[in-house]
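Thank you for making room for me this morning. Please have the sequence and the three-dimensional view open in front of you, and I will walk through them slowly.

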Amino acid sequence: MVNQANPFQQFAYITSAHNLKQLVPDTGSEVAFAGRSNAGKSSAINALVSQRALARTSNTPGRTQQIVFFGQDEKPYRFADLPGYGYAKVPKKLRQHWEHTLGRYLQSRDSLKGLILVSDIRHALKDSDRAMLNWAADSQIPAHVLLTKADKVSKNKAIQTHRKIQTELVSYGQTCQIFSVLKKIGVDEARKQVSEWLEVF
Ligand code: GDP
């Protein structure tokens, strides 16, 4: 069968939402991607769909402040790319709008089956990451952390950080893994997690 190896390879841009009223209908299943600006979220999404530029990678953190949906017409599952947070230059009003919106999104979205949180392995986890994970736990949404840019630390350091954060997450039933787009570490593992949540087989 075509694309059996990667069910997300044909994913395309669907639409963007600036507020909860603009979300795509709450049917089927959805996995959301969250993370601080510049943590490597767009790169991770592109790696998962095996496309070079579906999600826009950028060196201008905090620029996109919308929820972007990716999917494929006839498929009942999709990705929701949440706005990057933690970027100091985003105006306070906009930041507050998104904190509120993201919290409500996690609490109210019936089709949401899981949250992928990306966090730079050198800085994981920041308070803002923990806030997202807490919201997910409160809403009984399973969460899985990608410790990104693992190529930037030694193998030992990566293993140590993974162990430490996994211990921290276990009481919430959440998981984490080492990830690097550059060295292609953990891409299959992450895709497997997303596929399981979306019940794509
Ligand atoms: P986003 O703001 O979270 O969507 O982050 P991007 O995906 O745009 O990545 C931010 C920067 O980090 C870009 O310059 C990427 O090339 C870089 N980056 C992303 N993933 C990796 C990785 O696995 N290793 C390295 N070394 N750099 C990465």
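**A residue in helix 5, and then outward**

Let me begin with Arg191, which has a relative accessible area of 10% and therefore counts as buried, since the cut-off for that word is under 20%. I should say at once that this is a predicted model, so please keep that in mind for everything that follows. Arg191 sits in helix 5, and, leaving aside residues up to four places away in sequence, Arg191 touches Ala5, Asn6, Pro7, Phe8, Ala47, Leu48 and Ser50.

Ser50, the last name in that list, deserves a moment of its own. Ser50 lies in the loop between helix 1, residues 41-49, and strand 3, residues 67-71, and it has a positive phi of about 55° although it is not a glycine. For those of you who are new to this, most residues other than glycine have a negative phi, and most peptide bonds are trans. In contrast to the buried Arg191, Ser50 is partly exposed, with a relative accessibility of 40%.

There is another residue with a positive phi, namely Lys184, where the value is near 55° and the residue is again not a glycine. Lys184 is found in the loop between strand 7 and helix 5, and with a relative accessible area of 68% Lys184 is exposed. As for the peptide bonds, the one from Ala124 to Leu125 is cis, with omega near -15°, and Leu125 belongs to the loop between strand 5 and helix 3.

Now to the sheet. In what order do the seven strands lie? The order is 1-3-4-2-5-6-7, in an open sheet with mixed pairing. Strand 1, residues 12-17, and strand 7, residues 175-178, stand at the edges with a single partner strand each, which means that one side of each has no neighbour in the sheet. On average, and ignoring direction, neighbouring strands are turned by 25° against each other.

Strand 5 is a good place to look at the pairing more carefully. Strand 5 pairs with strand 2 in the parallel sense over six bridges, and Val31 stands opposite Gly114 there. Strand 5 also pairs with strand 6 in the parallel sense, again over six bridges, with Asp120 and Thr148 as bridge partners. Eight of the nine residues of strand 5 are buried, so this strand is mostly covered. Further along, strand 6, residues 143-148, runs parallel to strand 7, and four bridges join the two; here His144 stands opposite Thr175.

Helix 3, residues 127-138, packs on this sheet, where it touches strand 2, strand 5 and strand 6, and its direction makes about 165° with that of strand 5. Helix 5, residues 187-198, where we started, lies across strand 2, strand 4, strand 5, strand 6 and strand 7, and runs at about 140° to strand 2.

Finally, which residues come nearest to the ligand? Of the 17 residues around the ligand, these are Asn38, Lys41, Ser42, Ser43 and Asp151. An oxygen atom of the ligand is 2.8 Å from a polar backbone atom of Asn38, and a ligand oxygen is 3.2 Å from a polar backbone atom of Ala39. At Ser42 the side chain takes part, with one of its N or O atoms 2.6 Å from an oxygen atom of the ligand. Taken alone, the ligand exposes 580 Å², and the protein buries 80% of that.

Technical notes: Residues are numbered from 1 along each chain as its sequence is written. This is a predicted model: local features need pLDDT of at least 70, side-chain atom pairs count only at pLDDT 80 or more; totals for chains, interfaces and linings use all residues. Side-chain values use heavy atoms; hydrogens and water are left out. Two strands pair if DSSP finds at least two bridges between them. Axes are lines fitted to C-alpha atoms, for helices over the stretch in contact, and angles run from 0 to 180 degrees between N-to-C directions. Contact means heavy atoms within 4.5 Å. Buried means under 20% relative accessible area, exposed over 50%, partly exposed in between (1.4 Å probe, protein chains only). A residue is near a molecule or strand if one of its heavy atoms lies within 4 Å of it. A polar contact is a pair of N or O atoms within 3.5 Å; within protein, one must be able to donate a hydrogen and the other to accept it, and residues adjacent in sequence count only if both atoms are side-chain atoms. Accessible areas come from the Shrake-Rupley method with a 1.4 Å probe; for residues, only the protein chains shown count as cover.
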